[in-house]
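Visitor: I would like a walk through this model, from single contacts to the whole chain. Could you take my questions one by one?

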Amino acid sequence: MTDNNGKAKIIFIGTADFGLPAFKALIKDGDFEIVLVITQPDKPIGRKQIVTSSPIKIAAEKNDLIILQPEHIIDIKEKISLLKPDLIFVAAYAQLIPEEILNLPKYGCLNLHASLLPKYRGSAIIQAAILNNDEQTGLTIIKMDKGLDTGPILAQTVVSIGKEDTAGTLYDKLSAASPDFTITTIKKYLAGKITPATQNSSQANYAKELTKSDGLINWSKPAINLERFIRAMNPWPIAWTWWKGKQVKIISAQSQPIEINSYKPGKTFKYNSGLAVQCGQNALIIKSLQLEGKSALLSEDFLRGHEDFIGNMLG
RNA sequence: CGCGGGGUAGAGCAGUUGGCAGCUCGCCAGGCCCAUAACCUGGAGGUCGCCGGUUCAAAUCCGGCCCCCGCAA
C-alpha cells in the first residue's frame with residue numbers, strides 16, 4: 001500500500017479547466033497513480049441553471065478515477081488520510097485548503113499558480129499581468145503552506161504576453177504550457193532534486209477577485225490603459241459601458257493617437273469609417289461590441305443598424 | 001416555473017390603432033471620372049423563426065413550440 005509498484009500516489013484537486021492539461025498529463029504518466037480526485041460540487045450554471053460537472057470531474061470520470069466533491073474539503077480529511085498519498089497536487093480548485101490537510105501527504109501539497117510569484121497572489125492574476133503592462137508572466141509551482149499563495153517556490157516557467165493577448169488567450173497559453181512543466185517539476189521534486197525557495201514577500205501583491213462591476217469602463221482614463229483594460233477583462237467579466245440606459249460590452253478595441261479637444265471622454269465619433277470613443281487621453285477605436293440582448297458585432301455591422309450611436313456620450 | 005431583450009433580403013436594423021414588406025451596407029449590371037472604397041442609374045435577392053387560431057385581410061392580434069442573447073446565479 002505504501003510503495004505502489006514504485007508509482008507515486010497522487011491526489012489531484014482542481015475544478016476549472018485551467019488545470020485540465022496538467023491533470024491529463026498526470027493521468028497518462030506511468031510514474032504516477034491518481035488515487036483520488038477532489039473537485040467542487042456540481043453546480044447550476046448558465047441561464048437555464050443546468051447542474052453541471054466541473055471539467056476536472058468529467059475528465060476523471062472518463063478515466064474511471066475516484067471522485068469526491070465535498071462542500072468543505074475538511075469534511076473528507078479522514079478519507080484523504082487513509083489513502084496515505086505521497087503528494088497532493090492542486091490546480092484551480094477555488095477553495096482554500098486548510099493546514100491540517102496540507103500536512104497529510106508524505107511530500108506535502110503542491111499548487112500550480114498562473115503567475116510568477118511572488119508577483120500576483122490571489123485570483124485575477126492573469127488579468128493583473130495584462131493590466132500592469134507586463135511583458136511576461138508565467139507559471140509557478142509552490143509547496144503550499146497555510147497562507148494564500150505564500151508557499152516556497154519549486155519552479156517557474158515564463159510565458160510572454162503579446163500585444164494582442166487577452167486574459168483568455170493568455171489563459172490558454174499558460175494552460176498549454178502547464179503539462180510538461182508540471183510533470184517535470186513533480187518528478188524532480190519527488191527525486192529530491194529541488195530545494196524549495198522562500199518567496200520574497202516584500203515583492204508580493206494580491207490580485208483581488210473580479211466581479212461584473214469591475215468591467216465598467218472609466219472613459220476618463222488614457223486610451224492606452226483602456227485598451228489593456230479591455231484585453232484584461234476579456235473573456236470575463238468583459239469591459240462594458242452604458243449607452244441610453246443599456247449596457248454595451250466592448251469586446252475589443254485599439255488605442256489611437258487622436259484627440260479632439262472639444263470632445264469629452266466617452267464621446268463617440270466616426271474615425272475613418274470606424275467607430276471611435278474619446279478617452280481621457282487619445283481615443284479608442286472600437287473593433288467589436290455587443291449591446292445587451294444582442295450578439296457581438298463588428299463595429300461596422302453594429303453601426304449599420306445603430307447610426308445614432310455616433311455622437312453620443314458613453315458611460 | 002429566477003428577471004429581461006431578440007429572431008424581417010447576404011450583414012446590421014426599422015416597421016404592432018392589422019391593409020400590396022422598408023432603410024443602410026453588401027452583391028450584380030451600366031454610367032461618370034485620369035482614377036477610386038467616392039458619385040449617379042438600374043437590378044437580383046425575403047416561406048417576416050416554426051405550428052395552429054381569429055379575420056375579407058396577420059410581420060403586426062391570440063395560443064403553443066424552437067433557437068439566440070443580456071442580467072442574475
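**Salt bridges, surface and domains**

Guide: Happy to! Let us begin with Lys187, which counts as partly exposed because its relative accessibility is 33%. Keep in mind that this is a predicted model.

Visitor: With which residue does Lys187 form a salt bridge whose closest N and O atoms are 2.9 Å apart?
Guide: The pair links distant parts of the chain, and Lys187 supplies the end in helix 6, residues 167-190. The other end is in the loop between helix 1 (20-28) and strand 2 (32-38), 158 residues away in sequence. The salt bridge partner, at 2.9 Å between the closest N and O atoms, is Asp29.

Visitor: Is Asp29 buried or exposed?
Guide: The cut-off for buried is under 20% relative accessible area. Asp29 has a relative accessibility of 16%, so the residue counts as buried.

Visitor: Which residues are joined with Lys187 into one network of salt bridges?
Guide: Salt bridges can share partners, and that is what builds the network here. Lys187 is one member. The others joined into the network are Asp29 and Asp31.

Visitor: How many salt bridges does the structure hold?
Guide: Asp29 with Lys187 is one of them, and Asp42 with Lys57 is another. The structure's count of salt bridges is 10.

Visitor: How many residues apart in sequence are the parts that Asp42 and Lys57 tie together?
Guide: Asp42 and Lys57 form a salt bridge with the closest N and O atoms 2.9 Å apart. Asp42 lies in the loop between strand 2 and strand 3, while Lys57 lies in helix 2, residues 55-62, so the pair ties together parts whose separation in sequence is 15 residues.

Visitor: Which residue of that pair is buried?
Guide: Asp42 has a relative accessible area of 28%, so this residue is partly exposed. The value for Lys57 is 10%. Since buried means under 20%, the buried residue is Lys57.

Visitor: How far apart are the closest N and O atoms in the salt bridge of Lys208 with Asp214?
Guide: Lys208 is exposed, with a relative accessible area of 55%. Asp214 counts as partly exposed at 23% relative accessibility. The closest N and O atoms of the two are separated by 3.3 Å.

Visitor: Let us go to the surface. Which residues make the nonpolar patch of about 330 Å²?
Guide: One of the contributors is Tyr206, placed in strand 11, residues 206-207. Tyr206 counts as exposed because its relative accessibility is 51%. The full set making the patch is Leu96, Leu148 and Tyr206.

Visitor: Which side chain makes a polar contact of 3.1 Å with that of His113?
Guide: His113 sits in strand 7, residues 109-113. This histidine is buried, with a relative accessible area of 4%. Beyond its neighbours within four places in sequence, His113 is in contact with residues including Tyr120, Arg121, Leu139 and Asp149. The side chain at 3.1 Å in the polar contact belongs to Ser115.

Visitor: How far apart in space are Pro44 and Trp242, C-alpha to C-alpha?
Guide: Pro44 is found in strand 3, residues 43-45, and is partly exposed at 45% relative accessible area. Leaving aside neighbours within four places in sequence, Pro44 is in contact with Gln49, Ile50 and Val51. Pro44 and Trp242 are 198 residues apart in sequence, and their C-alpha distance is 29 Å.

Visitor: What separates the centres of the two domains?
Guide: Chain A is divided into domain 1, residues 8-207, and domain 2, residues 212-309. In domain 1, 11 residues are in contact with 10 residues of domain 2. Taken over C-alpha atoms, the centres are separated by 35 Å.

Visitor: To finish, what percentage of the residues of chain A count as buried?
Guide: Chain A has eight helices and 17 strands, and its C-alpha atoms fill a box of roughly 75 × 45 × 30 Å along the principal axes. Among contacts between residues at least 6 apart in sequence, 65% join residues at least 24 apart. The chain exposes about 15700 Å², of which carbon and sulfur atoms supply 51%. Of its 315 residues, the share that count as buried is 47%.

Conventions:
Residues numbered from 1 in each chain as written. Chains lettered and ligands numbered in written order. Predicted model: local features only at pLDDT ≥ 70, side-chain atom pairs only at ≥ 80, totals over all residues. Heavy atoms only, no water. Patch = residues over 30% accessible without salt bridge, like charges linked within 9 Å, V, L, I, M, F, W, Y side chains within 5 Å. Areas by Shrake-Rupley, 256 points an atom, 1.4 Å probe, with all protein chains shown as cover. Salt bridge = Lys/Arg side-chain N within 4 Å of Asp/Glu carboxyl O. Helix = DSSP H or I, 4+ residues; strand = E, 2+ residues; numbered from the N terminus. Buried < 20%, exposed > 50% of the residue type's maximum accessible area, 1.4 Å probe, protein only. Polar contact = N/O pair within 3.5 Å; in protein donor to acceptor, adjacent residues only side chain to side chain. Contact = heavy atoms within 4.5 Å. Domains from an automatic or database assignment.
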